[in-house]
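Subject: Structure for your review

Dear colleague,

Please find below the structure that I am handing over to you. My notes on what was found in it follow directly after.

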Amino acid sequence: MSASQIPPILTNLTTGMLVGERIAESRRTVGDLVGYWSDPEAARQGGDALLYGTQTWMPAEDGVEGAILWGNTVLMPGSVGGEFFMTRGHWHEKLDRCEMCVTVSGSGLLVLMDESRNTWVEQMSPGSTHYVPGNLAHRTVNTGDEPLVFMCAWPADCGHNYGSILELGFGRRFFVGDQF
Ligand SMILES: [Fe+2]
């Protein structure tokens with residue numbers, strides 16, 4: 001099949017779920033992110049609890065220059081040692097590669113950090129649409145009591161750097177009871 005013969009898929013605009021061909025799925029548990037939490041021991045005890053799941057429509061392979069990928073994330077509500085459930089977060093390896101996200105349901109925070117570790121948030125609520133410049137690290141945090149569901153589109157060749165987040169984290173953490 002050539003690039004001009006990619007069949008469309010269905011994006012359920014109520015649930016954010018994708019149905020069709022070339023859709024990759026993944027899931028992460030609280031324990032999978034053990035080194036990312038402020039309280040790793042609490043994360044170990046949380047172990048197998050589902051943290052988030054993703055679906056990614058891959059009309060092209062990861063890494064193809066000029067291609068765009070599309071996907072959802074369902075970030076569950078909850079906390080670990082008082083720290084709200086969050087995604088790992090990453091930098092793009094190519095710092096000029098931007099990303100766009102729209103919230104489907106739930107409420108939370110898009111956390112952004114620049115290369116000087118200045119960290120700020122954008123509020124996520126249904127319909128909120130976010131532009132992530134390529135040179136900012138980004139992570140999402142579920143501060144609500146229902147799943148935070150959002151869709152993103154990103155360049156297939158952006159690359160993902162998780163290592164420095166694991167090592168240094170973001171400039172701010174988000175705990176139950178905090179004001180954002
Ligand atoms: Fe990204």
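Strand β4 (residues 50-57) pairs with β5 in the antiparallel sense, over 6 bridges. Within this pairing, Thr54 stands opposite Thr73 in β5. Please bear in mind that the model is predicted.

On its other side, strand β5 (residues 68-75) is joined to strand β14 (residues 148-155) by 8 bridges, and these two strands also run antiparallel. Two of the contacts may serve as reference points: Trp70 has Ala153 of β14 as its bridge partner, and Asn72 has Met151 of β14. Strand β5 is mostly covered, with 6 of its 8 residues buried.

These strands belong to an open sheet of 6 strands, in the order β3-β4-β5-β14-β9-β12, with antiparallel pairing. Its edge strands are β3 (23-29) and β12 (129-132), each of which pairs on one side only. On average, neighbouring strands of this sheet are turned by 20° against each other, direction ignored.

A further open sheet consists of 3 strands in the order β11-β10-β13, again with antiparallel pairing. Here β11 (119-124) and β13 stand at the edges with a single partner strand each, so one side of each has no neighbour in the sheet. From one strand to the next, the twist averages 25°. Strand β10 (residues 108-113) and β13 run antiparallel and are joined by 6 bridges; in β13, Val141 is the residue that Leu109 stands opposite.

I turn now to the metal site. The iron ion is coordinated by the NE2 atoms of His90, His92 and His138 and by OE of Glu99, at 2.0 to 2.3 Å. Why is the arrangement of the 4 donor atoms irregular? The angles that they subtend around the iron ion run from 84 to 164°, whereas a tetrahedral assignment would require all angles to lie between 85 and 135 degrees. For reference, the ideal angle for four tetrahedral donors is 109.5 degrees.

Along the chain, the donors of the iron ion follow the spacing H-x1-H-x6-E-x38-H. One pair of them links distant parts of the chain: His92 lies in strand β8 (residues 91-92) and His138 in strand β13 (residues 137-142), 46 residues apart. Both His92 and His138 are buried. Strand β13 thus appears in two places in these notes, as an edge of the sheet of 3 strands and as the strand that holds His138.

The aromatic side chains deserve a separate paragraph. The count comes to 3 aromatic pairs. Trp37 and Phe85 form one that is tilted, with 6.2 Å centre to centre and 50° between the planes. Trp37 lies in the loop between β3 and α1 (40-46), and Phe85 in the loop between β7 (83-84) and β8, so the pair ties together parts that are 48 residues apart in sequence. Both Trp37 and Phe85 are buried.

Elsewhere, Phe84, Phe174 and Phe180 form one aromatic cluster. A ring is also involved in a contact with a charge: the charged end of Arg88 sits over the ring of Tyr162, 3.7 Å from its centre.

Should you wish to begin with a single site, I would suggest the iron ion with its donors His90, His92, Glu99 and His138.

With kind regards

Technical notes: Residues numbered from 1 in each chain as written. Predicted model: local features only at pLDDT ≥ 70, side-chain atom pairs only at ≥ 80, totals over all residues. Heavy atoms only, no water. Pairing = 2+ DSSP bridges. Helix = DSSP H or I, 4+ residues; strand = E, 2+ residues; numbered from the N terminus. Axes fitted to C-alpha atoms, helices over the stretch in contact; angles between N-to-C directions. Donors = N, O, S within 2.8 Å, 3.2 Å for Na, K, Ca; no water. Tetrahedral: all angles 85-135°; square planar, octahedral: opposite > 155°, others 65-115°. Buried < 20%, exposed > 50% of the residue type's maximum accessible area, 1.4 Å probe, protein only. Phe/Tyr/Trp six-rings, centres within 6.5 Å; stacked < 30°, edge-to-face > 60°. Lys NZ or Arg CZ within 6 Å of the ring centre and 35° of its normal.
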